[in-house]
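Please open the model in your viewer and keep the selection panel at hand. The stops below follow one another, each with something to select and something to look at.

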Amino acid sequence: MAVFPSISPNFGFEKTHRPNLLVTKMGDGYERRTTFGLPTHADPMTLSVPFENLSENDANTIEDFLADRVKDGESFDFIPPGESQALKFTYKGHKKKINYANLATIQITMQQAFD
């Protein structure tokens, strides 16, 4: 089981919900919406989490961890800001900005997993 490195993210993260709904359109504007999948898994969150002004060492630690998730395809435990316990996520991509010498910002996109 993979656990995200103990490097704290910054606030300013984005949290998106896209519920899994099956929508049946009937006539005259009527719709029937049905939850698709298990009710507890019907509304996975997607996070876009910033890690700002990291040392190059911490930035490399995060990027190495994410590269390992690409290789093994495993989900990982991560405690989102404002949550009290770890949730499972899958890696969806990231971008890295080199701010100054030995300072970087990484923005990671991850989606909640229900392994």
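Select Asp 77 to begin: in this predicted model, Asp 77 has a relative accessible area of 15%, which is under the 20% limit, and therefore counts as buried. Add Lys 88 to the selection, and you will find the two side chains joined in a salt bridge whose closest N and O atoms are 3.0 Å apart. Since Asp 77 belongs to strand β6 and Lys 88 to strand β7, the pair ties together parts that lie 11 residues apart in sequence. Unlike its buried partner, Lys 88 counts as partly exposed, at 25% relative accessibility.

Keep Lys 88 displayed and select Ala 113, which sits in the segment after β8. Ala 113 is buried, with a relative accessibility of 12%, and if neighbours within four places in sequence are set aside, its contacts are Ser 75, Lys 88, Phe 89 and Thr 90. A distance label drawn from the C-alpha of Ala 113 to that of Met 45 should read 8.8 Å, although the two residues are 68 apart in sequence.

Return now to the charged pairs, of which the salt-bridge count for the model is five. Select Lys 96 and Glu 63, whose closest N and O atoms are 3.2 Å apart in another salt bridge; Lys 96 is in strand β7 and Glu 63 in helix α1, so that this pair links parts of the chain 33 residues apart. Both ends are partly exposed, Lys 96 at 29% relative accessibility and Glu 63 at 22%. Adding Glu 56 completes a network, in which salt bridges with shared partners join Glu 56, Glu 63 and Lys 96.

For a further pair, select Glu 83 and Lys 15, where the N to O distance of the salt bridge is 3.8 Å. Here the connection spans 68 residues, from the loop between β6 and β7, which holds Glu 83, to strand β2, which holds Lys 15. Glu 83 is partly exposed at 33% relative accessibility, and Lys 15 is likewise partly exposed, at 44%.

Next, hide the side chains and switch to a cartoon view. What is the order of the strands in the open sheet? Reading across the six strands gives β1-β6-β7-β8-β5-β2, with mixed pairing. Strands β1 (2-3) and β2 (14-17) are at the edges and have a single partner strand each, so one side of each has no neighbour in the sheet. Select residues 45-55 and 103-112 to see β5 and β8, which run antiparallel and are joined by eight bridges. Helix α1, residues 56-72, can then be added: α1 lies across β1, β5, β6, β7 and β8, and runs at about 140° to β7.

The last stop is the largest nonpolar core, which has 20 residues, those with the most contacts inside it being Phe 4, Phe 51, Ile 62 and Phe 78. The elements giving two or more residues to this core are β5, α1, β6, β7 and β8, and β5 gives the most, with five. Centre the view on Phe 51, whose bridge partner in β8 is Ile 106. Beyond its neighbours within four places in sequence, Phe 51 is in contact with a set of residues including Phe 4, Ile 7, Pro 9, Ile 62, Phe 78, Ala 104, Ile 106 and Ile 108.

Terms used: Residues numbered from 1 in each chain as written. Predicted model: local features only at pLDDT ≥ 70, side-chain atom pairs only at ≥ 80, totals over all residues. Heavy atoms only, no water. Pairing = 2+ DSSP bridges. Helix = DSSP H or I, 4+ residues; strand = E, 2+ residues; numbered from the N terminus. Contact = heavy atoms within 4.5 Å. Axes fitted to C-alpha atoms, helices over the stretch in contact; angles between N-to-C directions. Salt bridge = Lys/Arg side-chain N within 4 Å of Asp/Glu carboxyl O. Buried < 20%, exposed > 50% of the residue type's maximum accessible area, 1.4 Å probe, protein only. Core = buried A, V, L, I, M, F, W, Y, C linked by side-chain atoms within 4.5 Å.
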